[in-house]
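Colleague: I'm new to reading models like this one. Could you walk me through a helix and then a ligand site?

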Amino acid sequence: MKIVVLLKMVPDVVEELELGPDGRSLDLELLRLIINERDEHALEQALLLKERHGGTVTVVALDAPEIDDVLFTALARGVDRVVKIEGAPETLTTHGAASLLAGGLPDIPDLLPADLLLTGCQAMDDLDAQTGPFLAQRLGLPYVGVISGVEVDLEAQRAFVSKEYPGGMHGDFEVTLPALLGIQAAATAPRYVPVAKVRAAMQSGEVEAISPSAQPEPPLVEVLKMMKLEAAGHAEMLEGSVEEVAGRVAELLGERGLL
Amino acid sequence: MAGNIWVMAEQWNGGISEVTYELLALGRELADGLGVSLEVVLLGHEAEELAAGLGEADVVLYGDDPALQEPTAEAYSRVLTAVIRERGPHGILIPVTNVTWDLLGLLPAELGAPLLNFCKDVGVADGRLEARCLLYGGKMEANVAATGTPAILGVMAGARAADGPAAGEAPPIERFPVSLPEAPRTELQRYVEAEAGDVDLTQQEVLVAVGRGIGFQDNVELAEELAEELGGAVCGSRPVIDQGWLSLSRQIGKSGVIVKPRLYVAAGISGAPEHVEGMKDSEMIIAINTDPEAPIFSVAHYGIVEDANDVMEALTEAIQEAKG
Ligand SMILES: Cc1cc2nc3c(=O)[nH]c(=O)nc-3n(C[C@H](O)[C@H](O)[C@H](O)COP(=O)(O)OP(=O)(O)OC[C@H]3O[C@@H](n4cnc5c(N)ncnc54)[C@H](O)[C@@H]3O)c2cc1C
Ligand SMILES: Nc1ncnc2c1ncn2[C@@H]1O[C@H](COP(=O)(O)O)[C@@H](O)[C@H]1O
């Protein structure tokens, strides 16, 4: 079967985030980008399906800092082909990126139609749109998101997917292929790949690059102002050595009858 | 004349979800601010009686079809697209939950309409809707406006206090015709109940929750020791579940369990909106995180900027000492 996975680079939100001079976006200079966590799961799910059904997995990403390393790592993990779409403006809204992908995917030789397109079900830096549903709509594919289990019956051209509902409940869906799925979690945690293998992929592998024929569409929403969450505004911060703080907490719990 | 404000009722699991009433309270403010009506859209099959509690709205727009019995995005999006195109509302408030998630993406894509997602608040400024949205895992906030109408607004739980179903008279119901000509390409076969956990997290007075910040699976033990000393249970955030450090039944948040214990200790948890949704109403929240800017501190009552494992260990000892 033929599977396409879309990977996105996002700021590592564990790091300190600083506002840019326009006050409406992050300071790109200081950002460390990592692969969106859900996309790691989408990739893992694709590799698991390939192991079971055979076929190919192609990873597609919009050009971004560090993207080549990420794409080589994908090759080392067992992906067959990696493609980056070049020429995207540095500041791209979600809607802009989604439209660029919708325009760019059909431009990639021998890619579509694929049986399955997998995206992460959400990126960390999200604002206006959700790329998966947007792509599904543009490419005329059915879409289901928040997926944590995928089985495929290739002969019947059907996927059987498990969608997460609140409270730990799941819904089993039957989806006609080709389809686009927004992955929340792969059946098993994303596989680890040793550095030596990544190095080997860098030696022997190739990152294909294409320039899309389409331009990104203008955004439909306008960011007026961005600000840091006032995190410490609410909590009373307890300071001192670990032992002092622990003692203070024990006292607080005692006062509340929690001991 | 500006279009009306709509609220999409979340009809799931045999009833109207609480968050719908929160959105109705918010929608009422917006409708009054714009001088328009507040209308609530209810989709379902033989579900008209669910409209009775939606009296906060001026009218219930009700669409009925066997394919609308469960809130599946393909059918819901198709039906909503048609009725939105026909009636031209100004804005549509939709709760951000796992039930509505796919719809929140498909509907704006279908309509070519702006989506303001993860709104924690929405107001009216200069005759247009302006939202306060969460992004970057809850670390940043942005004021965002739509460049056109209808605007689709994904509103987080907790944007307003909910009073539950409206008492008093049932609102007028206006049925609109539903047409779903094509066979669905996505079909819900069945729901699978949550795997029963060994403990009912909602019944615990004390919960010690661990996140990715505890670093290694072995450190779950430190949380277990602390929980035992406090007479509570251990639970966790998504990554901890994904790694297999805890079973799925121990997940707190949007996809997991919603809890309100007397004490919630959040160790190495960043406080992403999806997690916070599940624990924000706890009576006392103590957060331990090495990042002073972690969003968890904005919902916690007490914050400790330290290594979570060190603090859990020291706290277990301090409690043993205090108990004598
Ligand atoms: C549709 C959907 C549904 C979701 N549902 C849920 C859900 O139900 N529940 C849920 O939890 N998540 C859910 N998520 C995931 C959610 O968005 C976050 O990714 C997740 O909550 C993050 O978990 P975390 O805080 O453990 O990890 P991270 O966000 O990675 O945070 C780790 C934290 O640990 C801190 N840290 C690092 N080292 C230390 C140390 N030594 N001591 C103390 N602190 C340290 C870091 O500063 C950081 O703040 C959902 C996501 C989606 C898209
Ligand atoms: N620039 C991009 N390049 C490749 N994939 C993307 C890009 N933007 C979004 N995606 C995919 O769409 C998913 C949802 O992203 P978003 O709509 O930004 O929340 C991501 O998890 C990726 O799989």
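Colleague: Which residue follows α4(B), and what is the sign of its phi?

Modeller: That's G231(B), with a positive phi near 70°. Helices here are DSSP runs of H or I, at least four residues, and strands are runs of E, at least two, numbered from the N terminus. Before we go on: this is a predicted model, where local features need pLDDT of at least 70, side-chain atom pairs count only at pLDDT 80 or more, and totals for chains, interfaces and linings use all residues. Residues are numbered from 1 along each chain as its sequence is written, chains are lettered from A and ligands numbered from 1 in the order in which they are written, and side-chain values use heavy atoms, leaving out hydrogens and water.

Colleague: Which residues of α4(B) are buried?

Modeller: Start with the general idea: an α-helix has 3.6 residues a turn, so residues three or four places apart point the same way. Here V220(B), L222(B), A223(B), L226(B), A227(B) and L230(B) are buried (under 20% relative accessible area, 1.4 Å probe, protein chains only). They line one face of α4(B), because they fall within an arc of 155° seen down its axis (using directions from the helix axis to the C-beta atoms).

Colleague: What do they pack against?

Modeller: Among the partners are α6 of chain A and α7 of chain B; contact means heavy atoms within 4.5 Å.

Colleague: And which backbone atoms does ligand 2 meet?

Modeller: Look for polar contacts, pairs of N or O atoms within 3.5 Å. One oxygen of ligand 2 is 2.7 Å from a polar backbone atom of L6(A), and a ligand 2 nitrogen is 3.3 Å from one of L62(A).

Terms used. A polar contact is a pair of N or O atoms within 3.5 Å; within protein, one must be able to donate a hydrogen and the other to accept it, and residues adjacent in sequence count only if both atoms are side-chain atoms. Buried means under 20% relative accessible area, exposed over 50%, partly exposed in between (1.4 Å probe, protein chains only).
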